[in-house]
Amino acid sequence: MKELENILLQKQINPTAMRLVVLDYLLKQTNAVSLTDMELSLEKTDRVTLYRSIKTFEEHGLVHRIDDGTGITKFALCQPSCTIDGHHDLHVHFYCTNCGETHCLPRTHIPEVKLPGGYERQETSLLVKGLCPECQK
């Protein structure tokens, strides 16, 4: 439990009971999860408190949101380079068209896109769709 508290404190997040539970859950995931996934997996979870915890995690660079084209926002833990000042781990996300899971591919970086004058990048994302290794078997 102390390790979870330290992770939150390093991101300047107050370690409440709910935040510790949510962080523990996220650390055990191998793919991105929706708020509904979290709510169904965590016992006695108040949806509003869960949403506020995830929002705080996102604002402090602990999780990032993923739009995988399904219309359901998913969340995954960030790389350590993300901070309260912003998300800096630009990587590819993979959506499996068979099982519906979305995975972060942190070792597959998004190439820098040079924008013409007058344009300011606020967010960059790259989503690849196909079959994950499990669904290819």
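This is a short walk through selected residues of one protein chain, taken roughly from the N terminus onward and ending with the cysteines. Please keep in mind throughout that what we are looking at is a predicted model.

Let me begin with the loop between helix 1, residues 2-10, and helix 2, because that is the loop in which Gln12 is found. The phi angle of Gln12 is near 60°, which is a positive value in a residue other than glycine. As for its surroundings, Gln12 is exposed, with a relative accessible area of 58%.

Moving on into helix 2, which covers residues 17-27, we come to Asp24. Asp24 is partly exposed, at a relative accessible area of 29%, and its side chain is joined to that of Lys28 by a polar contact of 3.1 Å. Asp24 can also be placed relative to Leu4: the two residues are 20 apart along the chain, and their C-alpha atoms are separated by 7.0 Å.

The next stop is the loop between helix 3, residues 35-41, and helix 4, where Thr45 has its place, and where Lys44 is found as well. Which of these two is buried, and which is exposed? Lys44 counts as exposed, at 83% relative accessibility, whereas Thr45 counts as buried, at 16%. Lys44 also has a positive phi, of about 50°, although it is not a glycine. For Thr45, a polar atom of the side chain lies 2.8 Å from the backbone oxygen of Leu42. If we set aside residues up to four places away in sequence, Thr45 touches Met18, Glu39 and Leu50.

From that loop we pass into helix 4, residues 47-59, which contains Glu58. Here I would draw your attention to the accessibility, since Glu58 has a relative accessible area of 18% and is therefore buried, the limit being under 20%. And what is Glu58 in contact with, once its neighbours within four places in sequence are left aside? The residues in question are Val63, Arg65, Phe75 and His87.

Further along the chain there is a nonpolar surface patch of about 340 Å², and the residues that make it are Val113, Leu115 and Tyr119. Of these, Val113 is found in the loop between strand 5, residues 102-109, and strand 6, residues 127-130, and it is exposed, with a relative accessible area of 53%.

Finally, the cysteines. How many disulfides does the model contain? The count comes to zero, and the distances are worth going through with the cut-off in view, because a disulfide is counted when two cysteine sulfur atoms are within 2.5 Å. For Cys99, the nearest cysteine sulfur is that of Cys96, at 3.6 Å, and Cys99 is in no disulfide. Cys99 counts as partly exposed, with 37% relative accessibility. For Cys104, the nearest cysteine sulfur belongs to Cys78 and is 8.3 Å away, and this residue, too, is in no disulfide. Cys104 is likewise partly exposed, at a relative accessible area of 24%.

To draw the threads together, I would leave you with the two residues described here as buried, Thr45 at 16% and Glu58 at 18%, and with the positive phi values of Gln12 and Lys44.

Key:
Residues numbered from 1 in each chain as written. Predicted model: local features only at pLDDT ≥ 70, side-chain atom pairs only at ≥ 80, totals over all residues. Heavy atoms only, no water. Buried < 20%, exposed > 50% of the residue type's maximum accessible area, 1.4 Å probe, protein only. Patch = residues over 30% accessible without salt bridge, like charges linked within 9 Å, V, L, I, M, F, W, Y side chains within 5 Å. Areas by Shrake-Rupley, 256 points an atom, 1.4 Å probe, with all protein chains shown as cover. Salt bridge = Lys/Arg side-chain N within 4 Å of Asp/Glu carboxyl O. Helix = DSSP H or I, 4+ residues; strand = E, 2+ residues; numbered from the N terminus. Contact = heavy atoms within 4.5 Å. Polar contact = N/O pair within 3.5 Å; in protein donor to acceptor, adjacent residues only side chain to side chain.
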